[in-house]
Amino acid sequence: MKDGIRRAIFLLAVLLSACAEPEAGASGEAGAAGADAVPSFEVDPGWPREMPDLWIMGSITGVFVDARDHVWVTHIPESLTPEETSAVQDPPIGTCCVPAPVVVEFDPEGNVVQGWGDPATQDISEFPRNAHGIFVDHNDYVWVGTYRHHRVMKFTRPGDVVMTIGRYDENAGSDDPELLGGPAGIWVDPEDNEVFIADGYQNRRVVVFDGETGAYLRHWGAYGEPPDDTYEYDYAGRGPDSEPPRQFSTVHGLIGSNDGLIYVADRRGNRIQVFDQDGAFRAEKIVAPATRASGSAFVVAFSHDPEQRWLYLADGTNHKVWILRRSDLEIVGEFGRGGRQLGQFLRPHGMSVDSHGNIYVGEASTGRRMQRFTLR
């Protein structure tokens with residue numbers, strides 16, 4: 001019943017959008033690029049602005065744009081070298097720099113609003129150690145995953161812990177209803193406050209919890225089938241024509257659409273899989289099938305038009321962002337390539353879209369930077 005209501009609302013939004021005249025100067029994909037034109041982007045060299053207090057970021061593992069168009073970023077301070085953090089060495093070996101807090105909030109202009117999470121002063125129960133994935137929900141709670149330590153933590157906006165799902169450094173496999181296994185991505189449904197988690201660095205599933213109580217609700221594996229942690233697949237030996245794995249490989253990112261679907265990025269599986277919210281399999285798209293190593297499907301995001309016509313896929317092995325038409329999952333464009341220059345990427349790992357259709361990309365590994373790509 002819920003899916004039927006969602007689809008009816010979605011179809012009504014599509015009809016209203018088609019009939020409405022765009023406002024003068026309106027931003028967004030439909031107004032800026034035309035109804036059927038593939039969106040294109042250019043890098044904004046002035047975003048973000050310099051951070052305060054000599055802050056520097058390590059590997060960026062999560063990016064999310066909230067309802068205020070504020071950009072939230074998680075990174076891993078432990079990935080910074082002594083040379084990069086010379087000011088905090090004992091004794092100091094230089095004048096710069098200082099690890100930024102684990103979670104940093106930027107305003108739309110790229111100024112730092114706040115940061116929280118300090119491994120040097122806080123107990124592990126108070127901050128997301130090895131943070132991975134971030135989401136700000138409809139109630140302004142901030143959800144952060146910890147992929148090496150098997151937790152998803154719910155915080156107030158200023159950074160106070162409200163609830164923890166999973167337990168630190170405990171994992172019991174993909175069928176356990178309480179423990180997690182390498183959670184990597186989070187999405188919260190604003191209608192029923194269900195929390196969908198890409199539980200995929202060790203486990204092989206999407207798992208759903210109640211956002212208020214943390215109670216387990218359901219889970220599923222690839223193709224909507226039960227997850228099997230004993231499954232083996234020759235990832236190193238696969239080629240462009242190889243059959244895809246029957247189990248999830250690295251369930252790395254997910255997002256829910258306006259019409260009630262869940263899009264899952266199976267990173268090392270080189271694919272996006274689409275499900276109903278109850279886990280029924282709907283569709284699959286293989287992207288760059290010959291990609292080995294970490295795979296091609298890191299994080300998914302949608303364009304900001306009501307129909308969410310375009311789907312963006314960050315590819316941290318081929319160092320680019322793919323553009324897909326959401327209706328049939330066909331690849332229609334891409335931007336970026338490997339490199340350290342402006343507009344290039346080294347391991348794009350976190351991605352989100354603001355209300356104007358601009359894309360924010362954070363780089364992990366040795367990339368360690370944020371870039372904004374504005375919609376032309």
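Exposed means a relative accessible area over 50%, buried means under 20%, and partly exposed lies in between. Keep these cut-offs at hand for the exercises below. The structure is a predicted model.

**Exercise 1. Two residues with positive phi**

Task: Find where D53 and A293 sit, and decide whether each is buried or exposed.

Solution:
- Step 1. Start with A293, which lies in the loop between β19 (281-286) and β20. Its phi is near 50 degrees, a positive value in a residue other than glycine.
- Step 2. Apply the cut-off: A293 has 62% relative accessibility, so it counts as exposed.
- Step 3. Turn to D53, in the loop between β1 and β2. D53 is not a glycine either, yet it has a positive phi of about 55 degrees.
- Step 4. The relative accessible area of D53 is 59%, so this residue is exposed.

**Exercise 2. Cis peptide bonds**

Task: Work out which loops hold P48 and P91, and what kind of peptide bond leads into each.

Solution:
- Step 1. P48 belongs to the loop between β1 (41-44) and β2 (55-56). The bond from W47 to P48 is cis, and its omega is near -5 degrees.
- Step 2. P91 belongs to the loop between β4 and β5 (98-99). D90 and P91 are also joined by a cis peptide bond, with omega about 0 degrees.

**Exercise 3. A covered strand and its partners**

Task: Describe how strand β4 (residues 71-76) is covered and which strands it pairs with.

Solution:
- Step 1. Count the buried residues: 6 of the 6 residues in β4 are buried.
- Step 2. Recall that in a regular strand the side chains alternate between the two faces of the sheet.
- Step 3. Look at each face of β4. V71, V73 and H75 are buried on one side, and W72, T74 and I76 are buried on the other.
- Step 4. Follow the pairing with β3, which runs antiparallel to β4 and is joined to it by 6 bridges. Here I60 has H75 in β4 as its bridge partner.
- Step 5. These two strands form a hairpin with 5 residues between them, and D69 in the turn has a positive phi of about 65 degrees.
- Step 6. Follow the pairing with β6, which is antiparallel to β4 over 4 bridges. The bridge partner of V71 in β6 is F106.
- Step 7. Continue to β7 (residues 112-116), which pairs with β6 (residues 103-106) in the antiparallel sense over 4 bridges. V104 stands opposite G115 in β7.
- Step 8. The hairpin of β6 and β7 has 5 residues between the strands, and G110 in this hairpin takes a positive phi near 95 degrees.

**Exercise 4. Two buried strand residues**

Task: Decide whether I134 and T374 are buried or exposed, and list what each one touches beyond four places in sequence.

Solution:
- Step 1. I134 lies in strand β8. Its relative accessible area is 6%, so I134 is buried.
- Step 2. Its contacts beyond four places in sequence include G62, V63, F64, W72 and T74, along with V103, V142, W143 and V144.
- Step 3. Take V144 from that list: it is 10 residues from I134 along the chain, and their C-alpha atoms are separated by 4.6 Å.
- Step 4. T374 is in strand β26 (residues 370-375). At a relative accessible area of 19%, it falls under the 20% cut-off and is therefore buried.
- Step 5. Beyond four places in sequence, T374 contacts S40, F41, E42, D44 and N358.

**Exercise 5. The cores and the pocket**

Task: Find which residues touch the most other members of the largest nonpolar core, then describe the largest pocket.

Solution:
- Step 1. As background, nonpolar side chains in soluble globular proteins tend to be buried together.
- Step 2. The largest nonpolar core has 54 residues, and Y263 and L313 touch the most other members. Strand β17 (residues 261-266) gives the most to this core, with 5 residues.
- Step 3. A second, separate core has 17 residues, among them I323, V353, I359 and F373.
- Step 4. Now the largest pocket, whose volume is about 1,100 Å³. Of its 50 lining residues, F64, V65, F135, W187 and I255 are the closest to its centre.
- Step 5. Sort the lining by type: 21 residues are nonpolar, 18 polar and 11 charged.
- Step 6. Strands that each supply at least two lining residues include β3 (59-65), β8 (131-136) and β12 (183-188).

Conventions. Residues numbered from 1 in each chain as written. Predicted model: local features only at pLDDT ≥ 70, side-chain atom pairs only at ≥ 80, totals over all residues. Heavy atoms only, no water. Core = buried A, V, L, I, M, F, W, Y, C linked by side-chain atoms within 4.5 Å. Buried < 20%, exposed > 50% of the residue type's maximum accessible area, 1.4 Å probe, protein only. 1 Å grid on protein atoms, 1.4 Å probe; cavity = no way out; pocket = protein on both sides within 12 Å on 5 of 7 lines; lining within 4 Å. Points joined across faces, edges and corners; volume = space filled by probe spheres on them. Nonpolar A, V, L, I, M, F, W, Y, C, P; charged D, E, K, R; others polar. Pairing = 2+ DSSP bridges. Contact = heavy atoms within 4.5 Å.
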